[in-house]
Amino acid sequence: MTTSPSPLLPLVYSRLALVLVLVSFDFLLPLPSSIESPSDLLSFTDYRSLSFLSNPFKRALGTFQVWDGVHYLRLSQRRGAQVEDIAFFPAYPLLISLLSPILGATLSGVLVNSGCYVLSGLILHHYTKRHVSSNPHFLQALMITYMLSPCNVFLTAVGAEGLTSLTVWSGALSVEEGWTAASLVCCFAAGMVKSTAGVALAAFCVGREAQRRWRRGLEGLPLSAALLVVRLACCAFGAVWHDRNSRRLHCV
């Protein structure tokens with residue numbers, strides 16, 4: 001019986017290839033002079049930590065600050081937060097702030113997002129192999145789809161999509177394997193990353209519990225139901241915290 005090879009190297013190579021594509025397009029299709037260049041948005045930690053880089057490299061680094069990146073970077077610096085930043089949850093900016101004194105905020109954001117993407121792919125591969133299908137052709141098709149998804153561009157720039165995927169799939173694997181403590185940590189983390197991550201993982205927990213009830217009836221219901229409630233509460237904690245923080249920011 002043939003076995004499926006590890007997807008680690010293809011996942012890493014796909015990140016490097018997409019980085020080259022993004023940087024190449026930025027140099028081939030520069031912004032008009034009337035529009036602010038993304039490189040102008042580099043934070044002070046980028047210039048302090050990456051002072052050895054030449055201007056073209058700094059400009060290339062600014063390429064990854066598109067879309068939600070500006071908001072996450074502003075939150076990671078814990079200064080200058082604005083009302084439009086309240087849509088973003090705290091876990092990803094916190095990780096950026098921990099690494100930014102060494103690597104700079106932008107590069108930290110890219111590495112965290114891309115690293116979480118790779119780890120998420122490995123967990124997805126493991127989860128599918130153990131609980132869905134071990135057919136190597138199915139696993140290969142799954143990984144190809146995962147790497148060729150159009151949303152991959154968000155998983156390479158400064159954004160929380162990689163961390164979102166990692167927390168959801170880690171939580172799903174923990175629930176499936178019966179790792180109670182790990183599942184609670186993942187539920188809490190998902191709720192602090194994005195509302196969509198908390199909702200997705202909460203929906204998975206409810207679906208798996210419904211499937212177990214279908215198979216087992218009322219056997220072990222009290223403990224199982226209590227655990228489900230705790231998991232859902234962990235998923236919802238991020239939304240509750242975010243709501244309180246948003247109200248405070250609105251009042252500033």
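## Close-ups of an all-helix model

**View 1. Val 158 and its surroundings.** Leave out residues up to four places away in sequence, and Val 158 still touches Phe 64, Val 66, Asp 68, Gly 69, Tyr 72, Leu 73, Tyr 92, Ile 96, Thr 106, Gly 109 and Val 110. Keep in mind that this is a predicted model. Val 158 also turns up among the residues with the most contacts inside the largest nonpolar core, a list that includes Phe 64, Tyr 72, Tyr 92, Ile 96 and Leu 163 as well.

**View 2. The largest nonpolar core.** This core has 24 residues. Helix 1 (8-28), helix 4 (69-76), helix 5 (91-103), helix 6 (105-131), helix 8 (161-177) and helix 9 (180-193) each put in at least two of them. Which helix gives the largest share? That would be helix 6, with 6 residues. Another core, of 12 residues, lies apart from this one, and Val 168, Cys 186, Cys 187 and Cys 235 are among its members. As background, nonpolar side chains tend to be buried together in soluble globular proteins.

**View 3. Helix 4 against helix 5.** Here the two axes sit 8 Å apart, and the helices pack at an angle of about 60 degrees. Helix 4 and helix 5 are therefore oblique to each other. The crossing of helix 4 past helix 5 is right-handed. On the helix 4 side, the contact is made by Tyr 72, Leu 73, Leu 75 and Ser 76, and helix 5 answers with Tyr 92, Pro 93, Ile 96 and Ser 97. Some of these names should look familiar: Tyr 72, Leu 73, Tyr 92 and Ile 96 are among the residues that Val 158 touches.

**View 4. Ala 160, in the loop before helix 8.** Ala 160 sits in the loop between helix 7 (136-148) and helix 8. Is this loop residue buried or exposed? Ala 160 is buried, because its relative accessible area is 0%, and buried means under 20%. Setting aside neighbours within four places in sequence, Ala 160 is in contact with Tyr 72, Tyr 92, Asn 113, Val 193 and Lys 194. For one of these partners, Val 193, the C-alpha atom is 7.1 Å from that of Ala 160, although the two residues are 33 apart along the chain.

**View 5. Lys 194, in the loop after helix 9.** Lys 194 is found in the loop between helix 9 and helix 10 (195-216). With a relative accessible area of 19%, Lys 194 also counts as buried. Beyond its neighbours within four places in sequence, Lys 194 has contacts with Tyr 72, Phe 89, Ala 160, Glu 161 and Thr 164. Tyr 72 is also a contact of Ala 160.

**View 6. Helix 8 alongside helix 9.** How do these two helices run relative to each other? They pack at an angle of about 155 degrees, with axes 8 Å apart, and are therefore roughly antiparallel. Helix 8 passes helix 9 in a left-handed crossing. Helix 8 brings Leu 163, Thr 164, Thr 167, Ser 170, Gly 171, Ser 174 and Val 175 to the contact, while helix 9 brings Ala 182, Ser 183, Cys 186, Ala 189, Ala 190 and Val 193.

**View 7. Stepping back to the whole chain.** The chain has 11 helices and 0 strands. Of its 252 residues, 45% are buried. Among contacts between residues at least 6 apart in sequence, 70% join residues at least 24 apart. The chain exposes about 13,600 Å², with carbon and sulfur atoms supplying 70% of that area.

Technical notes. Residues numbered from 1 in each chain as written. Predicted model: local features only at pLDDT ≥ 70, side-chain atom pairs only at ≥ 80, totals over all residues. Heavy atoms only, no water. Helix = DSSP H or I, 4+ residues; strand = E, 2+ residues; numbered from the N terminus. Buried < 20%, exposed > 50% of the residue type's maximum accessible area, 1.4 Å probe, protein only. Contact = heavy atoms within 4.5 Å. Areas by Shrake-Rupley, 256 points an atom, 1.4 Å probe, with all protein chains shown as cover. Core = buried A, V, L, I, M, F, W, Y, C linked by side-chain atoms within 4.5 Å. Axes fitted to C-alpha atoms, helices over the stretch in contact; angles between N-to-C directions. Parallel < 35°, antiparallel > 145°, perpendicular 65-115°, else oblique. Left-handed = near helix turned anticlockwise from the far one by under 90°.
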